[in-house]
Amino acid sequence: MGLFKLLTFPVSGPLSGGKWVLRTLLDEAARTYYDEAAIRNEMRELERRMLAGEISDEAFDQQEEALLERLLQARDYQRQQEQMPGRA
């Protein structure tokens with residue numbers, strides 16, 4: 001078995017490395033997207049823009065609804081992550 005791994009390393013090595021890179025990128029993207037603090041900051045910024053007259057009430061309502069939906073998704077995601085074995 002060790003000889004097989006050694007002989008296939010020129011092919012399997014880069015594939016394993018690429019898999020690790022993709023997994024790391026996906027984990028970081030999910031962590032950033034589902035970060036509740038970042039979503040709340042976006043909501044505060046949205047409200048500031050509406051009060052300053054930079055966006056209409058309609059645009060505010062649409063964007064606020066999308067952020068609230070994302071916040072709910074983030075909470076569900078966090079619960080799922082806590083229930084997964086091997087995750088902190």
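## Charged residues in helix α2

E45 has a relative accessible area of 38%, and because exposed means over 50% and buried means under 20%, E45 counts as partly exposed. The model described here is a predicted one, and in this model E45 forms a salt bridge with R48, in which the closest N and O atoms are 2.7 Å apart. Both residues belong to helix α2, where they stand three residues apart, so about one helical turn separates them. R48, with a relative accessible area of 39%, is also partly exposed.

## A network of salt bridges

Another salt bridge joins E54 to R49, with 3.5 Å between the closest N and O atoms. E54 is partly exposed at 46% relative accessibility, and R49 is partly exposed with a relative accessible area of 28%. Through salt bridges that share partners, E45, R48, R49 and E54 are joined into one network.

## A link between two helices

The count of salt bridges comes to eight. One of them pairs E36 with R75, whose closest N and O atoms are 3.5 Å apart. Since E36 lies in helix α2 (residues 36-51) and R75 in helix α3, this pair ties together parts that are 39 residues apart in sequence. R75 counts as partly exposed, at 34% relative accessibility.

## A patch of negative charge

On the surface, D57, E58, D61, E65 and E69 gather in a patch of negative charge. One of these residues, E58, has its place in helix α3, which covers residues 57-83, and at 61% relative accessibility E58 counts as exposed.

Technical notes: Residues numbered from 1 in each chain as written. Predicted model: local features only at pLDDT ≥ 70, side-chain atom pairs only at ≥ 80, totals over all residues. Heavy atoms only, no water. Patch = residues over 30% accessible without salt bridge, like charges linked within 9 Å, V, L, I, M, F, W, Y side chains within 5 Å. Areas by Shrake-Rupley, 256 points an atom, 1.4 Å probe, with all protein chains shown as cover. Salt bridge = Lys/Arg side-chain N within 4 Å of Asp/Glu carboxyl O. Lys, Arg positive; Asp, Glu negative; His and termini not counted. Charge placed at Lys NZ, Arg CZ, Asp CG, Glu CD. Helix = DSSP H or I, 4+ residues; strand = E, 2+ residues; numbered from the N terminus. Buried < 20%, exposed > 50% of the residue type's maximum accessible area, 1.4 Å probe, protein only.
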